[in-house]
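Student: Could we go through this structure together, one question at a time, with the reasoning spelled out?

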Amino acid sequence: MPSIHACLFDLDGVIVDTARYHYIAWREVANALGFDLTPAQNELLKGISRMESLDIILAIGGVELTDEEKVKLATGKNIRYLELCSEMTPADTLPGVRHFIDELKEKGVRIALGSASKNARVILQSIDMLSYFDSIVDGNRVTKGKPDPEVFQLGAADLEIAPENCVVFEDAVAGVQSAKAAGMYAVGVGEKSVLAEADTVIPGFENYTFAGLNNSLS
Ligand code: B16
Ligand code: MG
């Protein structure tokens, strides 16, 4: 593997644990429609855009709605999600990730965000990490969601770094597929059994170092 010049980070589930807030808000939508959403079903929504997530949920419940009704539900879900997120502070950053990014910056590695979320900037602001990123690609910029490679391709293009010199950190199956489709090295953050397509999997960033990352590449 060539040397690492850029690291691209997913947001939800990698930098901050907003996945649980997405789950609470989507579960309330499902419950209001008369069915439940299990943790396993919620796994299918990770890294998937808001409207695509709603389509998956409606398919699970066997519910058909008009486009207008769908927009109304998605808007309501987002208001609830942001209400849940509003209490977040820098203390909600996942353990070790801020320290790891600090180390990468010291080593001259460039940093990008690659998130499906349209709320990425608000979330980064609330954990005081907006200034950490040399490039931010979020749900407002992409035209094709994960697993399409666009989100990470745009980040690498912003940084002017070739894909083979990029490493992606992702907690979602669709995100790992997106990184691989972009020709990048994919580090799954979570469980090996779920993120089997990643090049390597770490449980989280506690005690994780640039040297540790390089070891997994060699
Ligand atoms: P929003 P990521 C993704 O963020 C989440 O994993 C996914 O669950 C969510 O539906 C999507 O963002 C859209 O989020 O409703 O805030 O625009 O993991 O790609 O950082
Ligand atoms: Mg994620």
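Student: Into how many nonpolar, polar and charged residues does the lining of the largest pocket divide?

Tutor: Keep in mind throughout that this is a predicted model. The largest pocket has a volume of about 570 Å³, and 32 residues line it. Sorted by the character of their side chains, the residues of this lining divide into 11 nonpolar, 12 polar and 9 charged.

Student: Which element gives the largest share of the lining of the largest pocket?

Tutor: The lining draws at least three residues from each of domain 1 (6-17 + 90-217) and domain 2 (19-85). Among the lining residues, Ile48, Ser49, Arg50, Ala116 and Ser117 lie nearest the centre of the pocket. The elements that give two or more residues to this lining are α1, α3 (50-61) and α4 (67-85). The largest share, 4 residues, comes from α1.

Student: Which residues coordinate the magnesium ion (ligand 2)?

Tutor: The spacing of the donor residues in sequence, written D-x1-D-x158-D, shows a D at each of the donor positions. The donors sit at 2.0 to 2.1 Å from the ion, with OD given for the first and last residues and O for the middle one, and the residues are Asp10, Asp12 and Asp171.

Student: How many residues apart in sequence are the parts that aspartate 12 and aspartate 171 tie together?

Tutor: Both aspartate 12 and aspartate 171 are buried. Aspartate 12 lies in the loop between β1 (6-9) and α1 (19-32), while aspartate 171 lies in the loop between β4 (166-170) and α8 (173-181), so the pair ties together parts whose separation in sequence is 159 residues.

Student: Which residues lie closest to the centre of the second largest pocket?

Tutor: The second largest pocket has a volume of about 270 Å³, and its lining divides into 8 nonpolar, 3 polar and 5 charged residues. Of the 16 residues that line this pocket, the closest to its centre are Gly13, Asp171, Val189, Gly190 and Pro203.

Student: Why is the pair of phenylalanine 9 and phenylalanine 100 stacked or edge-to-face?

Tutor: The count of aromatic pairs comes to 9. In the pair of phenylalanine 9 and phenylalanine 100, the ring centres are 6.3 Å apart and the planes stand at 70°. Planes over 60 degrees apart count as edge-to-face, so this pair is edge-to-face.

Student: Is phenylalanine 9 buried or exposed?

Tutor: Phenylalanine 9 lies in strand β1 and phenylalanine 100 in helix α5 (residues 97-106), so the pair ties together parts that are 91 residues apart in sequence. The cut-off for burial is under 20% relative accessible area. Because phenylalanine 9 has 0% relative accessibility, it counts as buried.

Notes. Residues numbered from 1 in each chain as written. Chains lettered and ligands numbered in written order. Predicted model: local features only at pLDDT ≥ 70, side-chain atom pairs only at ≥ 80, totals over all residues. Heavy atoms only, no water. Donors = N, O, S within 2.8 Å, 3.2 Å for Na, K, Ca; no water. Buried < 20%, exposed > 50% of the residue type's maximum accessible area, 1.4 Å probe, protein only. 1 Å grid on protein atoms, 1.4 Å probe; cavity = no way out; pocket = protein on both sides within 12 Å on 5 of 7 lines; lining within 4 Å. Points joined across faces, edges and corners; volume = space filled by probe spheres on them. Nonpolar A, V, L, I, M, F, W, Y, C, P; charged D, E, K, R; others polar. Domains from an automatic or database assignment. Phe/Tyr/Trp six-rings, centres within 6.5 Å; stacked < 30°, edge-to-face > 60°.
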